[in-house]
Amino acid sequence: MSGKSPLHTMTLTSPTEFWNDSCSAAELAYAIEHGATGGTSNPIIVGEVLKKEMDTWRPRILSLIQEHPTATEDDIAWRIMEEVTVSASKLLKPIYDKNQGRNGRLSIQTNAKYYRDPKAIVQQALELDALYPNNNIKLPVSKAGVEAIEELSYQGVSINATVSFTLPQSIEVAEAVERGLKRREKEGKDVQTMGPVCTIMVGRMDDWLKVIMARKGIITDPAYLEWAGVAIAKKAYKLYKERSYRTRILIAAYRNHFHWSQFIGGDLSMTIVNDWQKRFNASDVEVKNRMDDPVDPAIIAELEKKFPDFRAAYHEDGQKPEEFEHYGSFRRTILAFLAGYADLLGVIRGIMIKDPDITGE
């Protein structure tokens with residue numbers, strides 16, 4: 001069976017799904033046309049949407065500023081993030097209804113500033129969960145995040161664990177979800193319509209090893225560093241299946257076609273930005289099952305030998321939860337999320353306060 005594009009063919013011929021890694025309505029519509037069953041948002045993504053679609057959203061931002069005269073730029077930013085996400089979620093709602101909650105979800109992210117505070121994460125997650133039915137609530141896989149994941153799963157919230165790169169993080173997420181679901185089931189509450197996922201940011205794992213290689217002057221085959229995230233995600237997927245975890249893996253952070261092609265055939269999903277979707281759809285990469293193809297043991301051995309950070313990421317006992325937030329990939333990504341949030345505030349501030357040095361008024 002062949003679809004209109006490689007991504008579409010993948011969704012028709014395998015259990016592998018993909019999401020649109022944005023809440024842009026135009027990009028989401030393109031993705032759905034090619035078989036997408038979900039989407040994501042975060043402050044960085046919403047900021048990019050506003051910049052691309054400012055003519056659409058500027059009047060609403062001005063209206064919110066006028067309607068709420070005491071609101072801070074943070075208040076307006078979160079309100080507009082919620083509205084952008086809710087608006088995009090409607091495009092996926094038919095898929096959600098058809099699949100009884102398994103698919104058709106649009107993720108919305110908690111404030112990255114809360115990565116050390118499980119109570120703050122839970123409180124905001126519950127508020128976000130009430131905005132629209134077909135959501136996943138994104139939260140970082142820090143020690144606090146793992147605690148929040150169990151509580152939110154118990155309360156019936158479908159989570160999307162993000163800022164996640166390593167096997168230990170993936171296992172802690174799955175175990176926390178299971179604890180929460182079992183508590184919920186014990187009370188006779190529904191779990192069948194929930195759709196928890198654990199993101200593995202494969203490209204950001206590769207990025208971090210490349211940083212280490214440059215800093216420490218490590219010599220290795222540079223092509224090996226394109227396989228680190230793939231190796232970790234494949235190992236996590238195998239363990240998820242063996243242990244019958246109810247959380248699904250979500251592949252993210254694309255840097256090369258391996259981050260797509262090596263997972264075709266898996267019962268998982270991928271969250272792909274529009275640019276990479278178009279690259280994959282224009283490519284001649286064969287759409288075939290590669291999920292069970294092992295990463296070359298020689299590559300894994302070399303990475304383990306020369307990169308302690310890969311060893312920590314590849315083995316289940318390589319990290320403890322209290323170490324998650326100190327891992328290089330985590331620190332780089334949480335800083336990026338915080339910077340993205342600051343940029344979004346800057347966009348709102350620029351509309352809220354007209355700079356006289358720029359406007360001349």
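In the predicted model, F310 and Y314 both belong to helix α14, which spans residues 308-314, and they are separated by 4 residues, about one turn of the helix. A search of the whole structure finds 8 aromatic pairs, and one of them is formed by F310 and Y314, whose rings are stacked with 5.2 Å from centre to centre and 20° between the planes. This angle is under the 30 degrees that set the limit for a stacked pair, and the pair is therefore classed as stacked. With a relative accessible area of 0%, F310 is buried. Y314 also counts as buried, because its relative accessibility of 13% falls under the limit of 20%. The ring of Y314 has a further neighbour in K235, which lies over its face at 4.1 Å from the ring centre.

A pair with another geometry is formed by Y240 and Y245, which is edge-to-face, with 5.1 Å from centre to centre and 80° between the planes. Because an angle over 60 degrees defines the edge-to-face class, the value of 80° places Y240 and Y245 in that class. Both of these tyrosines, Y240 and Y245, are buried.

Beyond these pairs, one aromatic cluster is made up of Y254, W260, W276 and F280. Within this cluster, W276 is also the site of a contact with a charged side chain, as R279 lies over the face of W276 at 4.0 Å from the ring centre.

The open spaces of the model were examined next. The largest pocket has a volume of about 550 Å³, and its lining comprises 27 residues, of which D21, N42, I45, R204 and V273 lie nearest its centre. Two or more lining residues come from each of α3 (43-52), β5 (159-162), β6 (197-201), β7 (248-252) and α12 (274-281). Among the contributors to the lining of the largest pocket, α3 gives the most, with 5 residues. When the lining of the largest pocket is divided by class, 11 residues are nonpolar, 8 are polar and 8 are charged.

In the second largest pocket, the space amounts to about 370 Å³. Its lining consists of 21 residues, and those that lie nearest the centre are R102, M194, R246, T247 and R248. At least two residues of the lining of the second largest pocket are supplied by each of α10 (228-242) and β7, and α10 gives the most, with 3 residues. By class, the lining of the second largest pocket has 8 nonpolar, 8 polar and 5 charged residues. Strand β7 thus appears in the description of both pockets, as it gives two or more residues to the lining of the largest pocket and at least two to that of the second largest pocket.

Enclosed space was assessed as well, and the count comes to 1 cavity of 30 Å³ or more. The largest cavity has a volume of about 40 Å³ and is lined by P43, W78, Q109, T110, N111, A112, F337, L338 and Y341. Helix α15, which covers residues 328-352, gives the most to the lining of the largest cavity, with 3 residues. The lining of the largest cavity divides into 6 nonpolar and 3 polar residues, with no charged residue.

How values were computed:
Residues numbered from 1 in each chain as written. Predicted model: local features only at pLDDT ≥ 70, side-chain atom pairs only at ≥ 80, totals over all residues. Heavy atoms only, no water. Phe/Tyr/Trp six-rings, centres within 6.5 Å; stacked < 30°, edge-to-face > 60°. Buried < 20%, exposed > 50% of the residue type's maximum accessible area, 1.4 Å probe, protein only. Lys NZ or Arg CZ within 6 Å of the ring centre and 35° of its normal. 1 Å grid on protein atoms, 1.4 Å probe; cavity = no way out; pocket = protein on both sides within 12 Å on 5 of 7 lines; lining within 4 Å. Points joined across faces, edges and corners; volume = space filled by probe spheres on them. Nonpolar A, V, L, I, M, F, W, Y, C, P; charged D, E, K, R; others polar.
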